[in-house]
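Grab a pencil and work through these short exercises with the model open beside you. Try each task on your own before you read its solution.

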Amino acid sequence: MHSISLRVIALTAIIFSVAFFLPSQMLFGQSQITTGVITGTVVEQTGAVVAGVTVTATNAETNSGRTAKTNSEGRFTLLA
C-alpha cells in the first residue's frame, strides 16, 4: 500500500511537470520567429508628405533588401 501511494505521487508530479513546462516551452519556441516590419512616413523639408517615393532597406551583411512605395499619405511598410 505504501508503494502505491508513492506511485500516485510520482505520477501526479510527472503530470504536473508536463502540464506546466510543455506550454511554457511552446511559448518560448514562438519567440524564435525572426520577422519584422518597418513603417514610416516620408516628408520633405516643409513637412509635406511625399507620395510615390520608393523606400529601400538593405541588410548590410547579406546585401539583400526590401522596397516599398509610399502611399498618398506618404506612408510605407517594409515586411521582413
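A quick definition first: a residue counts as buried when its relative accessible area is under 20%. Keep in mind that this is a predicted model.

**Exercise 1.** Work out which side chains of S4 point to which face, and which of them are buried.

*Solution.*
Step 1: Follow S4 along and you'll see its side chains alternate.
Step 2: Phe76 and Leu78 go to one face, and they are buried.
Step 3: Arg75, Thr77 and Leu79 go to the other face, and these are not buried.

**Exercise 2.** Find how S1 pairs with S4, and how S2 is joined to S3.

*Solution.*
Step 1: S1 pairs with S4 in the antiparallel sense, with five bridges. Look for Thr39, which sits opposite Thr77 in S4.
Step 2: S2 and S3 also run antiparallel and are joined by five bridges. Here Ala57 faces Arg66 in S3.
Step 3: Now check the hairpin of S2 and S3: six residues lie between the strands, and Asn63 has a positive phi near 60 degrees.

**Exercise 3.** Describe the largest pocket and its lining.

*Solution.*
Step 1: Start with the space, which is about 170 Å³.
Step 2: Of the 13 lining residues, those closest to the centre are Ala57, Gly65, Arg66, Leu79 and Ala80.
Step 3: Strands S1 (37–41), S2 (54–58), S3 (65–69) and S4 (75–79) each give two or more residues to the lining.
Step 4: Sort the lining by type, and you get six nonpolar, six polar and one charged.

Technical notes. Residues numbered from 1 in each chain as written. Predicted model: local features only at pLDDT ≥ 70, side-chain atom pairs only at ≥ 80, totals over all residues. Heavy atoms only, no water. 1 Å grid on protein atoms, 1.4 Å probe; cavity = no way out; pocket = protein on both sides within 12 Å on 5 of 7 lines; lining within 4 Å. Points joined across faces, edges and corners; volume = space filled by probe spheres on them. Helix = DSSP H or I, 4+ residues; strand = E, 2+ residues; numbered from the N terminus. Nonpolar A, V, L, I, M, F, W, Y, C, P; charged D, E, K, R; others polar. Buried < 20%, exposed > 50% of the residue type's maximum accessible area, 1.4 Å probe, protein only. Pairing = 2+ DSSP bridges.
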